[in-house]
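Subject: Structure for you to look over

Hello,

Please find the structure below, with notes on contacts and surface features after it. Let me know if anything needs another pass.

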Amino acid sequence: MTDDPRISVDRRTVLGALAGVSAVGVAGCSTLDREDDGQTTEVDPEPAQELAERFAPTVYFDVNEPWFPTDPRPYATERDGETIVDGFDAFDGYHERYTGETPPDPTVFYNTVEYESSSLTVVQYWFYSAFDQFTTNFHWHDWEVLHVFVDTETDEPQLYVASSHSRKVPNNEFLDPDPQVVPRILSELGSHSSTLSVNDVPDRFQRVTVEGLTADITNAPIESIEDLADVTLPLAYGLPRDEGSRLPYVVPEYEDAPIYEHERLPSVTADSLVDSELTIRSYDALTSPPTDLPTRETGLVFGRRDRDAGADVEYELVPTSEIEHITDFTGPQLSFEFAVPEVVEDALAAHITTTGAPWNQPRYENPATDITDPSHRAALADRYDAIGDPAPVHTVATRVTETVTTADAPENEGLTTTETSVESLALLESDPEAVPTFGGVAVIRDVPAGEHRLTVNGAGRAPYSERVTVSDDERVTAAGVDGEIPLIAHEQATKLEVLGEDAAVDLATVAVEDDFAGRLYESSVDGNEAVYVHVGGAYTTEVRDRDDAVGAYRVNPSSDETSGVRIERPETGKAPLAEFVAEIAEETRAAVAARGTEEDEETDHGSSNAVQGLERSLMAVVEAAERAAERARAKERGNTDRQLEVVVERLQRAETRLAEAKDDLSKPLTNATENRLGQANRRTEQAQNSEKL
């Protein structure tokens, strides 16, 4: 996280707020369900040009940016009677002409439309780049847009909408901007996702108002969070690398080789792509997340010719009508590695080809379809009959964290989660469009109601996958446990499999809890299920069947278990729960006994009476729980329940003995014993309440 006070925000607070996201109304408007917008018509050339020149943005690029806004016409060809721009021709032609000094043909295109019977006019600024390279995707050609909504009666801008990565990611928007300030665009490296800059620091992105510095976006805040009552936290993509985040870029491949090796791209080399300091070849090849990725630094500044003489590059402002004869922007599908687990097994997902022509998109004729914040659409709908009221959309949201060991636990026997150091990507397998996180937050908009599988992956991390149910009754679905998904470095991950296909029960859900970090995973299941767990944790795996009966299993992985851990035939009911209590009590007894042996060797006085008493009481729990399990296996319901009462009594005695022995045990061992006794009590209570033996 940057220390710059202009942009510093407590990200831990932001992430914590998202844990309550299910009660939040989040940005989004549905093009299917919202009220219809009015029709638009083209503005006459002269007033269109005047408006376009007035609001033409200044654009700030990353110092490592390889592809700047250019004119695609030099790369156009005729094919089957149509004018197209081929991806190979544009990509190679651009780099043939770009020597690293002045970018070729710096151009910004504009399209101006007005809503019928309304004073609302929109100037669209379209930026064409020959290629797109990012952490979630890459493709031939790239079209990004800034919409400037203007009231021609008052002569004042109403709303800026700067396009983010896709319709799945909230755009960066600003309501009621200063009419005296020319809009500025901060372009994301490689992807050209656009955010806004409207305050006094022109080349930096400011998500919230801090020390009198106005925020650069007015997207709706995360609401109903008491701790954040005085802070505006707009939900928009923003510019992660300008907010202190790390983004690893990936190298595009075509026909199983890096794209720069293709024979049709003789002018393209590895140096033509995003700088190698920022790129990785595969998410799965790294053993841990990269920590040395540079954050954003401002490079070239583009300004409108005849106005921004101080800009590094002056661009031509050209109406899109001059290029609308181009039918399409084409290119074959590219590929990269992205883990989409089937039972969390890595598979290759290759998607994203080209963006097509802007004039073939709905937002070209109706710019309001690109408004992603409902409060902004509602504001315009209140002012203009031409804009329809917003409608709620289904959104899946979560915060991504990192799983690490905790000093509060014995070595390699407990975990905690921390804020993420590297951005990740999220993908619904029902919609093959990956979205990047921003500040560790993943938001996927316009998700259909129903069952989905969400996969989250990050460079150097094991993939995470869970089933998510999106309801018609909820605007926001919080994925993960309490809206949090913890990822694990590859080098510290092992696979935990629950083989439900051959089980005697019909499994409904699987959950995994660490003794210290609590519940880390919970998902509905259909047959077998798997999740990666940190080898430094100590886990309780909970299973539930379709009748809501519960079973529990103890899992203590180690770093040498490369093949992972399996629960072969999971069961539910009193018997597996009692067996779990016996196992966790024996595990704890052995740890206490080992501590007593260490003291004996160190002091030559033997372990304290209190520690011996604790060990004996834990052994008594083991014996009672084993007898309860035996009675349950023998189908003796009454004897099982009476024996479980004995388990409860002996657990209470163990808690008393622990209180007496605390001074003779290390703090981590005391913590672990307390947590495990709590787990044993909980599972004993479940066994008592279970109707199933």
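Are Trp 126 and Trp 143 buried or exposed? Trp 126 is buried, as is Trp 143; buried stands for under 20% relative accessible area, exposed for over 50%, and partly exposed for the range in between (1.4 Å probe, protein chains only).

Two notes on the source. This is a predicted model, in which local features need pLDDT of at least 70 and side-chain atom pairs count only at pLDDT 80 or more, while totals for chains, interfaces and linings use all residues. Residues are numbered from 1 along each chain as its sequence is written, and side-chain values use heavy atoms, with hydrogens and water left out.

Aromatic pairs

Rings of Phe, Tyr and Trp (its six-membered ring) pair if their centres lie within 6.5 Å; planes under 30 degrees apart are called stacked, over 60 edge-to-face, and the rest tilted. The count by this rule is 24 aromatic pairs. One of them is Phe 61 with Phe 302, edge-to-face at 5.1 Å centre to centre and 70° between the planes. Phe 61 is in strand β2 (residues 58-62) and Phe 302 in strand β16 (residues 298-304), so this pair ties together parts 241 residues apart in sequence. Helices (H or I, at least four residues) and strands (E, at least two) are DSSP runs, numbered from the N terminus. Phe 61 counts as buried because its relative accessibility is 2%, and Phe 302 because its value is 1%.

The rings of Trp 126 and Trp 143 have centres 6.4 Å apart and planes at 75°, so this pair is edge-to-face as well. Trp 126 belongs to strand β6 (residues 120-133) and Trp 143 to strand β7 (residues 138-151), so the parts tied together are 17 residues apart in sequence. Both Trp residues are also in one aromatic cluster, with Phe 109, Tyr 128, Phe 329, Trp 359 and Tyr 364.

Salt bridges

A salt bridge here is a side-chain nitrogen of Lys or Arg within 4 Å of a carboxyl oxygen of Asp or Glu. The count comes to 44 salt bridges. Arg 676 forms one with Glu 413, with the closest N and O atoms 2.4 Å apart. Arg 676 sits in helix α9 (residues 667-689) and Glu 413 in the loop between β19 (395-405) and β20 (415-419), so the pair ties together parts 263 residues apart in sequence. Arg 676 is buried, at 2% relative accessible area, whereas Glu 413 is partly exposed, at 26%.

Glu 542 and Arg 519 meet in another salt bridge, at 3.3 Å from N to O. This pair links strand β33 (residues 539-545), which holds Glu 542, to strand β31 (residues 518-524), which holds Arg 519, across 23 residues. Glu 542 is buried at 3%, and Arg 519 is partly exposed at 22%. Both belong to a network of salt bridges whose other members are Glu 513, Glu 522, Arg 544, Asp 548, Arg 682 and Arg 683.

In the helices, Glu 615 forms a salt bridge with Arg 589, the closest N and O atoms being 3.0 Å apart. Glu 615 is in helix α7 (residues 609-633) and Arg 589 in helix α6 (residues 574-603), 26 residues apart.

Other contacts

Ala 530 lies in strand β32 (residues 529-534) and is buried at 1% relative accessibility. The C-alpha atoms of Ala 530 and Arg 566 are 8.9 Å apart, with their positions 36 residues apart along the chain.

Regards
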